[in-house]
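Reader: I would like a close look at a single part of this model, taken slowly and residue by residue, and then set beside other parts of the chain. Please take one helix as the starting point.

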Amino acid sequence: MRPTSLRQQLTRAAMLTTFFAILLSAGALLTYELTVYRHAVVADMRAQADLITRSTAAAVEFKDPKVAWENLYLLKQQPRIVAAAVYGPDGALIASHTTQPDAVSARIAINDAAWGPRFSGAMLEMTQPIEREGQRLGMLFLKSRHDVWRRFTDFAMIVLAVSAVSLAAAYYLFVHLQRRITAPLERMTEVAREVIGSHDWSLRAPATDYKDVGVLVDAFNRMLSECEVRTSELEREMVTRQSVEQELRQADRQKDVFLATLAHELRNPLSPMTSAVALLQMPAASVQARDKALVVLERQLRHIVRLVNDLLDASRVTTGKLSLDRTRVDMAELLVMACDIAQPQARQQELQLELHRPADTLWVEGDAVRLTQVFANLLSNACRYTLRGGRVDILMAAQSEWVLITVEDTGIGVEPAMQERIFDLFEQADKTLQRGNAGLGVGLTLSRQIIELHGGTLSMHSDGLGKGSKFTVRLPRLANVAPPPVQRVSAPPAAQRRPLRILIADDNVDLTESFSAILSAHGHHVEVVHDGEAAVRAAQRHVPDIALLDIGMPRLDGYQVARELRADVRTQGVHLVAISGWGQDADRQAATEAGFDHHLLKPVAPEDLAQLLGEAHLAFEASRPGELR
């Protein structure tokens, strides 16, 4: 079935309703008119019959046909009457008047009841008794033409014409009215189609002057506005979700790259360490071979420690937990130390590493250890990515409020698209296999974050691959005021130190045995336990001078052991040192609150342990001088 519009449906319904209403009205009017006119014709004929019966009653009574005929002859003035007859008491015809032959019968049953009026086609017939004082004298017969059907037809034509005009007027008025009413609805429909087709929610239906329809149009436009807002929100959510998904995929790829790189970087030092251990286990190995193996073990172990420390530092900076120990720093002296760290790598690569110092002393306020870490990392990268025979220059310059340090090399350079990304975590400019130990991609990220914590900036520039790189550090400058001299108290030589009683508590057997061997070799008395409860009993049995306590021990952890020792009068003066793999600021704070004097981060270097023993010896000398003589 062919679909129709709302306007067509409304027009059809209205016109059908109007047509049936007019049809019913015309039918009722025609029926009423026909009935009324028939009654009028019959009444007129009865009136004619009454006049004739009265005027002919005497003629019938006395059987005078001439008078009766004269009375009937007067009917010729009524052209509609075509026949009239008067019958006597015996039913015989007395007189008649007719314009049609055979219209009057010769005899009539006088005793029959009167009949009529009776319509027969275009004729109306009737009989009426002629009476005097209740006695029937005869019968009158009348037959006349009537124009009921003509009048009905004329009236029907008039009604039909009026109905047609009424329908036309109704059609015109309704079409005009419904156009004004349905036009806004049709425009709403068109707008809805356009919105569905183009998904353009900014389209709106035009306003209308009709209040009721205007309410609908306004509601439709508000719905479009709400859909537009919701669609915009959904689009933004979709864009955000896609961006988040893209970032998650990128983070997942970076994680995979990081894990692969970490595995590679850890395997590299583990391989020579494994070979060195195997060499030390060989009975036939020479002293020189054993010494070389020890050097390899120490160098590779330091490399692993540096990797782990870089990861920890990156985590601290990312989480905002890296603190700075700010002091006045002479940048020239600091760069000299950074160059000393990088010099062995430069000699291995046959590079010229040169520091260009200015005439003036340039001071900054910062953490000397962290700044040294930054420049050592920049110099290490410059040496790693510069081919043999190249140069690495460190330039220093002063501005009114800034200190500028530039590290330039003649290395492989960085392509422009990568120059900002190399500061992202786990990103590396050169991922080729030829570069060997390229690191984890953490150093530059950590360096920039440390410099920004100092209020400075770290940027880089390269003209392209094969054209070298230039890293520029800007730090806030301090006035050239020399810092006050620092009074340093040196620890006494090892020969002048008395042996210390040391308690080592750690569930790592290899660690405790190695520590015990090193400390015993220096002449100290060492006792080793492997859980927290044993540590408390050992300290109460033989009070130590120093207790090296692991934090994560079974039965009692290091914090609980420290609290119990501080609570006991016999052991509250013991020098407590926490040794842990947890190195966050919160971990150091927890150790201090538990009563520890120091916090060492695993792995503990022998020189750090020796320095700690020297500081402890000084403390004992100040607090108990009599016991050291």
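Author: What follows starts with one helix and then turns to other helices and strands of the chain. The model is a predicted one, and its protein chain holds 13 helices and 17 strands. Of the 629 residues of the protein chain, 39% count as buried, and among contacts between residues at least 6 apart in sequence, 65% join residues at least 24 apart.

The helix chosen is α9, which runs over residues 509–521 and has 13 residues. From its first C-alpha to its last, α9 reaches 18 Å, close to the 18 Å expected at 1.5 Å a residue. In α9 the buried residues are Leu511, Thr512, Phe515, Ser516 and Leu519. These residues are on the same side of α9, because they cover an arc of only 125° around the axis. The face turned away from that buried side carries Asp510, Glu513 and Ala521, which are exposed. Just after α9 comes Gly523, which takes a positive phi of about 90°.

Another pair of helices can be read through its contact. The axes of α11 (residues 558–567) and α12 (residues 585–594) come within 8 Å and cross at roughly 25°, which makes α11 roughly parallel to α12. On the α11 side the contact is made by Tyr559, Ala562, Arg563 and Arg566, and on the α12 side by Asp587, Ala590, Ala591 and Ala594.

Strand β16 covers residues 575–580, and six of its six residues are buried. In a regular strand, side chains alternate between the two faces of the sheet. In β16, His575, Val577 and Ile579 point one way, while Leu576, Ala578 and Ser580 point the other way, and all are buried. Strand β15 (residues 546–550) runs parallel to β16 and is joined to β16 by five bridges; in one of these pairings, Leu549 has Ala578 of β16 as its bridge partner.

The chain also has an open sheet of five strands, in the order β2-β1-β5-β4-β3 and with antiparallel pairing. Strands β2 (93–98) and β3 (118–120) stand at the edges with a single partner strand each, so one side of each is left without a neighbour in the sheet. From one strand to the next, the twist averages 15°. Within this sheet, β4 (residues 123–132) and β5 (residues 135–145) run antiparallel and are joined by 10 bridges, and the bridge partner of Pro129 is Met139 in β5. Helix α2 (residues 65–73) packs on the sheet, where α2 touches β1 (81–87), β2 and β5, and the direction of α2 makes about 25° with that of β2.

Two single residues complete the picture. Thr472 lies in strand β12 (residues 469–476) and is buried, with a relative accessible area of 16%. Leaving aside residues up to four places away in sequence, Thr472 touches Ile405, Thr406, Thr457, Leu458 and Ser459. Leu270, found in helix α4 (residues 211–280), counts as partly exposed at 43% relative accessibility. The C-alpha atoms of Leu270 and Ile304 are separated by 8.8 Å, and these two residues are 34 residues apart along the chain.

Definitions and conventions. Residues numbered from 1 in each chain as written. Predicted model: local features only at pLDDT ≥ 70, side-chain atom pairs only at ≥ 80, totals over all residues. Heavy atoms only, no water. Helix = DSSP H or I, 4+ residues; strand = E, 2+ residues; numbered from the N terminus. Expected span 1.5 Å × (residues − 1). Buried < 20%, exposed > 50% of the residue type's maximum accessible area, 1.4 Å probe, protein only. Arc of directions from axis to C-beta. Pairing = 2+ DSSP bridges. Axes fitted to C-alpha atoms, helices over the stretch in contact; angles between N-to-C directions. Contact = heavy atoms within 4.5 Å. Parallel < 35°, antiparallel > 145°, perpendicular 65-115°, else oblique.
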